[in-house]
Amino acid sequence: MFAEVAIKVPLFRTFDYAIPEHCTVTVGCRVKVPFGNRKLVAVVLAIKSHTEVPENKLKKIVQVLDSSPILSPEHIKFLRFTAQYYAHPLGETLFTALPAALREGEHPDKTTVATFSLTQKGKQLPTLRAKKQQALLKQLSESGESSLTELKALGFSKQQINALLDKQLIKEQIKHDIQWQSQVLNIASKPKLNEEQATACSAINQQADFRCFLLEGVTGSGKTEVYLQSLERVLHNGLQALVLVPEIGLTPQTVNRFRRRFPDTPIDLWHSNLTDNERLHTWRRSEKGSCALVIGTRSSIFLPFKNLGMIIVDEEHDGSFKQQEGLRYHARDLAAYRCANQEKPLILGTATPALETLHKAISGKYQLLTLSQRAQTTTDNQFLLVDMKGQSEQFGFSANTLKHIEATLKRAKQVMVFLNRRGYAPTLLCHECGWLSQCNHCSASSTYHKAMSRLVCHHCGQQSFVPPQCPDCGSTQIMPAGLGTEQLESFLSERFPDTPISRIDRDTTRKKGALEDALADINQGGARILVGTQMLAKGHHFADVSLVVILDVDSGLYSSDFRATEHMAQLITQVAGRAGRSGEAGRVLLQTHFPEHPLLQDLVNNGYQDFARYALKEREEALLPPYSHLAILRAQATNAQLVFDFLTDLVPATPYCGIQLLGPIPAPMERMAGKYRYQLHIQASERVVLHNYIAQLMAYISEHKLANRVRWSIDIDPMDT
Ligand code: ADP
Ligand code: ZN
Ligand code: ZN
């Protein structure tokens, strides 16, 4: 007998091995096989009685790693679909989906995970002198239980945990599997749904079969409440559910809210901060059915749930659901496949649906459910377009904007200032000769970070010292040009000297727990001005913000990326959603040189819903996605000519029916980390035509003599174009 196996190699094929006589091998088990001069872990895909491999070439399985399958036939089918859809080698796809411990051949049940929870004494929440220890008690009283990794991600240290263990306020225990399916579902107190929420919930509940729902509702309209109450039926029936969230949304508030609502239900987390053991543990628990709910980021879409009853994708428009390297999958789109295949409901929730999703809702493929009102306030935000034409500006602020900030601070409200560029200034400029601080390896400038006194390339990470003199002309007149969040912070702290300011961007939140600390501080009323990049725009709740200022609206209006306006509108709407939660109507100031731009006008006067429908019309006229289907073949190498020749050779002399090819064209950043980058855009109005063509192209490339000399990749449904 022979086993057909998948191995983690970049080849579009599987491999046959002989099964030694005394061994039992089943589909979905891992085995070790000789490959070249190595022994690799492989996954068995099929058992067959004959093979094409000649006897003298045929090798034998050397070890069977699993006595029972780690992948069910159903899950293998899902991963096969993924590989095929994204034109990625099956072996690499399978191994991307598996947690590291299983990839390396570890036993699936090798590990246990400990969690911390309050003791009886701890539940009385005694007052402690150490602030952090007090915060730790509070966290555990809200979450019920948390693992070490979770606590560390929130910025708590082992010492603080040990201190509470010593005081017998908390205890550590091994997470046990409980038979939650046969218990009565315990639901903590919950609000009565408003009419729209109730309509949404009953629509979702009525559908026993697959139905995909787009839950369109502004921030604060009660989408999470709809998720929670829709989950009741799923959990009650003993089925599992997956809640996909963007990376940044994994703030303790969200997770605690689920845990508080379903106090006796095992809820696991899945995100990039987990250790390999914890990943394995959650993977295994989802497979055995011992966890009821997983709240996770992108890659949790590959968890092998035993009995999946529902998937929820929160902030479905968020770009973090698309993986940008290796297997370039979109977790939301795979969720749609999984739900359709298993005839289970899918809820996509957002205030600002991706145009692709909205298109499916409008065309009737998805059911549209709308929450039009904020659950707790009824006030609407007010948008103001600040015309910057001919205006003098101070560090990017118009005089008018500064007046608004001042007035808001006087009323003791919070102000949020938003600029999507971190660092002090995007470049340094020589006043004498016009020299710019270019990165040596990229076609981009190096960003000036004043506090670090370094130049940092945001594309390749290269750092260098700030030259005391211009490298070209020797002048000492080198100055920052353009604005970054660091500079805004320093200007605002001079302009409003008594006002505490908090800056939130990748630089200030690099340390574990730093973001959580800053957010907690903001919510306790500490900082009055918040300056930040798009990190600020996502899912955080700020009670007191009543003015939002967006400085660089124009960068989104005129861009080569056809999705730029959509993303700008999403950002504006999401950021605006942070204002006016305190009961008072919020104000959103948009500084722009193009106040009469039709899309901007539509957005501020009629809101995202209207904007999006108008933007869809534009896409339709231009035959852009979702009205056509796109793939990008990217290639890069140190030698530009090689890349160009490779891509040029892929363009057929006679056009392929139903396929439009564009390129080779330079990538938006033509040179990065020393490599020249070109791309080929492949477009089709029919999805099957696109996929058939790509399959042929992959076969052609795998035989191509230049394919090993350049780095190439295929991106189906690309997000950056
Ligand atoms: P979203 O997920 O759309 O941002 P949430 O579900 O978080 O909205 O709701 C916003 C706030 O309103 C939360 O504090 C939530 O507890 C509250 N809320 C939601 N639905 C209701 C309701 N039906 N009655 C009372 N409060 C509600
Ligand atoms: Zn100079
Ligand atoms: Zn660089």
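## Exercises on a predicted model

Six bridges join strand S16 to strand S28 (residues 587–592), and the two strands run parallel. The model is predicted, and the exercises below start from this strand pair.

**Exercise 1.** Determine which strands stand at the edges of the sheet that holds S16 and S28, and why one side of each is left without a neighbour.

*Solution.* Begin with the strand pair, in which Leu384 stands opposite Leu589 in S28. Next, place the pair in its sheet, an open one of 6 strands in the order S16-S28-S27-S19-S26-S25, with parallel pairing. Reading the ends of that order, strand S16 (382–387) and strand S25 (501–504) are at the edges, and because each has a single partner strand, one side of each lacks a neighbour in the sheet. Finally, the turn between neighbouring strands of this sheet is 20° on average, with direction ignored.

**Exercise 2.** Examine the positions that UniProt gives as "binding site", and decide whether Cys430 is buried or exposed and how Cys473 counts.

*Solution.* The unreviewed UniProt entry places this feature at Cys430, Cys433, Cys470 and Cys473. These positions are spread over 44 residues of sequence, yet they cluster in space, with a largest C-alpha distance of 8.6 Å. Cys430 belongs to strand S20 (residues 427–430), whereas Cys473 is in the loop between strand S23 (463–465) and strand S24 (478–481). For the burial step, a residue is buried if 20 or more other C-beta atoms lie within 10 Å of its own; Cys430 has 22 C-beta neighbours inside 10 Å and therefore counts as buried. Cys473, with 13 C-beta neighbours inside 10 Å, counts as partly exposed. Leaving aside residues up to four places away in sequence, Cys430 touches Cys470 and Cys473, among others, while Cys473, with the same exclusion, touches Cys430, Glu432, Cys433 and Trp435.

**Exercise 3.** Describe how helix H5 and helix H10 are arranged, and state at what angle their axes cross.

*Solution.* Two packed helices are described by the angle between their axes and the distance between the axes. The axes of H5 (residues 131–143) and H10 (residues 252–261) come within 8 Å and cross at roughly 45°, and the two helices are therefore oblique to each other. The residues that meet are Gln139, Glu142 and Ser143 in H5 and Pro252, Val255, Asn256, Arg259 and Arg260 in H10.

**Exercise 4.** Find what distance separates the centres of domain 2 and domain 6.

*Solution.* First take the bounds from the domain assignment, which include domain 2 (114–174) and domain 6 (629–716). Taken over C-alpha atoms, the centres of domain 2 and domain 6 are separated by 53 Å.

Methods:
Residues are numbered from 1 along each chain as its sequence is written. Chains are lettered from A and ligands numbered from 1 in the order in which they are written. This is a predicted model: local features need pLDDT of at least 70, side-chain atom pairs count only at pLDDT 80 or more; totals for chains, interfaces and linings use all residues. Domain bounds come from an automatic or database domain assignment. Two strands pair if DSSP finds at least two bridges between them. Helices (H or I, at least four residues) and strands (E, at least two) are DSSP runs, numbered from the N terminus. Axes are lines fitted to C-alpha atoms, for helices over the stretch in contact, and angles run from 0 to 180 degrees between N-to-C directions. UniProt positions are given in the numbering used here, feature names are shortened, and annotations may be inferred rather than shown by experiment. A residue is buried if 20 or more other C-beta atoms lie within 10 Å of its own, exposed if 12 or fewer, and partly exposed in between; C-beta atoms are placed from the backbone. Two residues are in contact if their C-beta atoms, placed from the backbone, lie within 7 Å. Angles under 35 degrees count as roughly parallel, over 145 as roughly antiparallel, 65 to 115 as roughly perpendicular and the rest as oblique.
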